[in-house]
Amino acid sequence: MKKIYFLRHGHTPLTGTYVGSTDCGLSAQGVEQIQAVAASPALQEATRIIASPMLRCVQTVAELTGKYQVSYHPLLKEIDFGFWEGLTFDQVYTKYQQEFDLWCSSPATFSFPGGESVADFRARMKQIIPLLNTCADERIMVVAHGGVICHLLCILLGLPLDNYTLLKLDVGHYASVDLYETGAVLTGFNKSISG
């Protein structure tokens, strides 16, 4: 059995907007969040970190205090929201209502205007599973983005990928999964040092 911890990066100045390919760093609040969660006994069990190379994830890793072997993997980058980058939900819905409705009704075939297709993003997520399965470490922390983590959880738990919107992992929080040869079991969700 492997234990995998999925840690979402901390708060950024753009939290509350669609942020995928925009390479922003952590806010002061985000640094404090990660410094707090870094003390979690569960996360301290990890020996290997596999992280997104985006700045907010790199800075998250820098605030963790355990003894980890760290590698960065481009497959873990968040989806590119294209023209929606930096916009709030209300702004997207006002300016791109037709596209937004299409995303909700047919997410698997949707492409973000000026950005990445959901199909390409999901294909990327599926490539991460062999990376986790072949990693020699038994306690792995994945430091990544909300969309990445929720898609990976759906894949590991055998849930339809369209169900990723039913999961909401807060910034600076983590989920945990026990990974067996026959499948995965969710053992924690939206956890921080206090909960």
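**Exercise 1.** Classify Asn 190 as buried, partly exposed or exposed, and state what is unusual about its backbone.

*Solution.* Asn 190 has a relative accessibility of 27% and therefore counts as partly exposed. The classes are defined as follows: buried is under 20% relative accessible area, exposed is over 50%, and partly exposed lies in between, with a 1.4 Å probe and protein chains only. The areas come from the Shrake-Rupley method, in which only the protein chains shown count as cover for residues. The model is predicted, so local features need pLDDT of at least 70 and side-chain atom pairs count only at pLDDT 80 or more, whereas totals for chains, interfaces and linings use all residues. Residues are numbered from 1 along each chain as its sequence is written, and side-chain values use heavy atoms, with hydrogens and water left out.

Next, locate the residue: Asn 190 belongs to strand S6. Strands (E, at least two residues) and helices (H or I, at least four) are DSSP runs, numbered from the N terminus. Finally, consider the backbone. Most residues other than glycine have a negative phi. Asn 190, which is not glycine, has a positive phi, near 55°.

**Exercise 2.** Determine the strand order of the sheet and identify its edge strands.

*Solution.* The order is S3-S2-S4-S1-S5-S6, an open sheet of 6 strands with mixed pairing. Its edges are S3 (69-72) and S6, each of which pairs on one side only. From one strand to the next, the twist averages 20°. Two strands are taken to pair if DSSP finds at least two bridges between them.

Consider two pairs in turn. S1 (residues 2-8) and S4 (residues 139-144) run parallel and are joined by 6 bridges; Arg 8 has Ala 144 in S4 as its bridge partner. S2 and S3 also run parallel, with 4 bridges, and Arg 48 is partnered by Gln 69 in S3.

**Exercise 3.** Describe how the side chains of S2 are arranged, and which strands helices H3 and H7 meet.

*Solution.* In a regular strand the side chains alternate between the two faces of the sheet. In S2, Arg 48 and Ile 50 point one way, Ile 49 and Ala 51 point the other way, and all are buried.

Helix H3 (residues 55-63) lies across S1, S2 (48-51), S3 and S4, at about 140° to S4. Helix H7 (residues 146-157) packs on the sheet and touches S1, S4, S5 and S6, with its direction at about 155° to that of S1. Angles run from 0 to 180 degrees between N-to-C directions, and axes are lines fitted to C-alpha atoms, for helices over the stretch in contact. Contact means heavy atoms within 4.5 Å.

**Exercise 4.** Contrast the surroundings of Ile 128 with those of Tyr 180.

*Solution.* Begin with Ile 128, in helix H6 (residues 118-134). Its relative accessibility is 1%, so Ile 128 counts as buried. Leaving aside residues up to four places away in sequence, Ile 128 touches Leu 75, Leu 76 and Leu 152.

Tyr 180, in strand S5 (residues 174-180), is partly exposed because its relative accessibility is 38%. With the same sequence exclusion, Tyr 180 touches Met 1 and Val 185. Val 185, in S6 (residues 183-191), is partly exposed at 43%. Met 1, Tyr 180 and Val 185 make a nonpolar surface patch of about 280 Å². Patches consist of residues with over 30% relative accessible area and no salt bridge; like charges are joined within 9 Å, and nonpolar side chains (Val, Leu, Ile, Met, Phe, Trp, Tyr) within 5 Å. A salt bridge is a side-chain nitrogen of Lys or Arg within 4 Å of a carboxyl oxygen of Asp or Glu.

Terms used. Areas by Shrake-Rupley, 256 points an atom, 1.4 Å probe, with all protein chains shown as cover.
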